[in-house]
Amino acid sequence: MKIKNKLVVFLLLASCNTQLDDREFAAYVKDSGKGLRKTITVDQIVYDVQYMPARMILVQEQLQADEKKKRAAQLKGTLWFTISLKCLHSSVNPLKYQVSGIEEYNERLDYFLNHAGKNIRLDYGTKVLQPISYHFENNYGLTANETIMVGFEMPEEEQDADATLVFEDKVFKNGIIKAFFPADKLRKANKI
Amino acid sequence: MSTTVNFKTAAIAVAVSVACSATLCWMMKGNTKEIVVVDAVKLFNGFKMKIEMEETAAVKLKQMNHKSDSLGNIIKVLQSNQKPIDDGLVSEYRNALAALEAEYQQSNRDINEQVWKRINPILAEFGKERNSGVVIGANGMGTVLYNDPSYDKTEEAIIYLNRSYENKK
């Protein structure tokens, strides 16, 4: 009887410590039910904001073991998000959506390449963080969505807080987009 | 014997009529959708996004205002000292005033447009979630002449709107 009880306890503990493999981890992070991905639709534009834990970046970069360590050290103390934009009822590239001509397309592209970073911030606990890195993946209008990757440096005095990514999109003039990520969800994702 | 039959018939008739009335009441209750009145002006002014956009716009407007004020002060000082005023300075002052006015108008238009773009679909969700038949936006312009205060759900709508905006729903 005692052995049986011990076995049950061991199995329970073992199940709690189950590590997700890279594929399972990526699926976990992308699952909107896990609170690490928020979708906000305004008018005809869908904003998909995804928290990117360091492990997720490492998974996507497919680095060798020694490079992985180096990269993990670089990512320490930072928070990363992607903002993906697509049209609600159309597969047209958002930069081309209802665009009046090449001039307007270039203006939109210039905004996302060079200026949108100034309109993004992270409300982290009591702090307001400005991006330390901003990158727009230029798809040359060939895909149905456009993606921004943005990084923030975590304040040393506040390492565990609720985060709200704030983006004021000046191209589609949809007001202020907010994506809220509770501290417990961020903490959990960083521990897996 | 016949008294017993009559009693039974009467009891069945009463039971059937009670059942019918209950069903009817239940059906009517299910189909009755409430009417909700929301003060559009209060809703607009209570929307956090509008407040935040105004704060951002105010920074730029303040800077522009400082510039026009400085130029205006220089002109006043020159006038009070009866010194000649350069035409270029006057035209720069006029341009600064015009730019300030244009920026003010533009930011007002932008905020109005973007705020209503956000409010309308969220308010539709609010109505659907409450199972409301109609959500009336009272704007003080005479669209709604009177409503019983119990129909007024402005505060609830503002809370719902801001929660949806903050993405904490």
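**Exercise 1. Work out whether A:Q98 is buried or exposed in this predicted model, and say where in chain A it sits.**

Solution. Start with the neighbour count: A:Q98 has 11 other C-beta atoms within 10 Å. The cut-off for exposed is 12 or fewer, so A:Q98 is exposed. Next, place it on the chain: A:Q98 is found in the loop between β3 (78-87) and α5 (102-115) of chain A. Last, check the backbone. A:Q98 has a positive phi of about 50°, although it is not a glycine.

**Exercise 2. Do the same for A:Y140: find its loop, its phi and its burial class.**

Solution. First the loop: A:Y140 lies between β6 (133-137) and β7 (145-153) of chain A. Then the backbone: phi of A:Y140 is near 55°, which is a positive value in a residue other than glycine. Finally the count: A:Y140 has 8 C-beta neighbours inside 10 Å, so it counts as exposed.

**Exercise 3. Trace the sheet that β6 and β7 of chain A belong to, and name its edge strands.**

Solution. Go strand by strand: the order is β1-β2-β3-β7-β6 in chain A, an open sheet of five strands with antiparallel pairing. Now look at the ends. β1 (37-42) and β6 of chain A are the edge strands, each pairing on one side only. Neighbouring strands here are turned by 15° against each other on average, direction ignored.

Then zoom in on one pair. Five bridges join β6(A) to β7(A), and the two run antiparallel. To get your register, use A:Y134, which stands opposite A:V150 in β7(A). As background, strands of a sheet pair through backbone hydrogen bonds, either parallel or antiparallel.

**Exercise 4. Chain A has an open sheet of four strands; give its order and explain what is left without a neighbour.**

Solution. Step one, the order: β5-β4-β8-β9 of chain A, again with antiparallel pairing. Step two, the edges: β5 (127-129) and β9 of chain A each have a single partner strand, so one side of each is left without a neighbour in the sheet. Step three, the twist: it averages 20° from one strand to the next.

Step four, the pairs at the two ends. β4(A) and β5(A) run antiparallel and are joined by three bridges, with A:D123 opposite A:V128 in β5(A). At the other end, six bridges join β8 (163-168) of chain A to β9(A), also antiparallel. A:V166 stands opposite A:K178 in β9(A).

**Exercise 5. β9 of chain A is an edge strand; is it largely enclosed or open to the outside?**

Solution. Being at the edge tells you about partner strands: β9(A) has a single one. For burial, count residues instead. Five of the six residues of β9(A) (176-181) are buried, so the strand is largely enclosed by the rest of the structure. For the backdrop, 24% of the 192 residues of chain A count as buried.

**Exercise 6. Describe how α3 and α4 of chain B pack, and what kinds of residues meet there.**

Solution. Take the geometry to begin with: α3 (48-80) and α4 (87-129) of chain B pack at about 175°, with their axes 9 Å apart. Angles over 145 degrees count as roughly antiparallel, and therefore α3(B) and α4(B) are roughly antiparallel to each other. Now sort the contact residues: 18 are nonpolar, five polar and seven charged.

**Exercise 7. Which elements of chain B touch chain A, and which gives the most?**

Solution. Get the totals down: the contact takes 12 residues from chain B and 11 residues from chain A. On the chain B side, α3, α4 and α5 (154-166) each supply at least two residues. α4(B) gives the most, with five. By class, the chain B side has four nonpolar, two polar and six charged residues.

**Exercise 8. Decide which parts of chain A to read with care, going by pLDDT.**

Solution. Look at the whole chain before the details: mean pLDDT is 91, and 91% of the residues of chain A reach 70 or more. Then go by element. Helix α1 (2-16) of chain A has the lowest mean, 55, while strand β4 (120-124) of chain A has the highest, 98. Finish with residues 12-17 of chain A: their pLDDT is below 50, and beyond near neighbours in sequence this stretch has zero contacts in the model.

Conventions. Residues are numbered from 1 along each chain as its sequence is written. Chains are lettered from A and ligands numbered from 1 in the order in which they are written. This is a predicted model: local features need pLDDT of at least 70, side-chain atom pairs count only at pLDDT 80 or more; totals for chains, interfaces and linings use all residues. A residue is buried if 20 or more other C-beta atoms lie within 10 Å of its own, exposed if 12 or fewer, and partly exposed in between; C-beta atoms are placed from the backbone. Axes are lines fitted to C-alpha atoms, for helices over the stretch in contact, and angles run from 0 to 180 degrees between N-to-C directions. Angles under 35 degrees count as roughly parallel, over 145 as roughly antiparallel, 65 to 115 as roughly perpendicular and the rest as oblique. Ala, Val, Leu, Ile, Met, Phe, Trp, Tyr, Cys and Pro count as nonpolar, Asp, Glu, Lys and Arg as charged, and the others, Gly among them, as polar. Two residues are in contact if their C-beta atoms, placed from the backbone, lie within 7 Å. Two strands pair if DSSP finds at least two bridges between them. pLDDT is the predictor's confidence in each residue, from 0 to 100.
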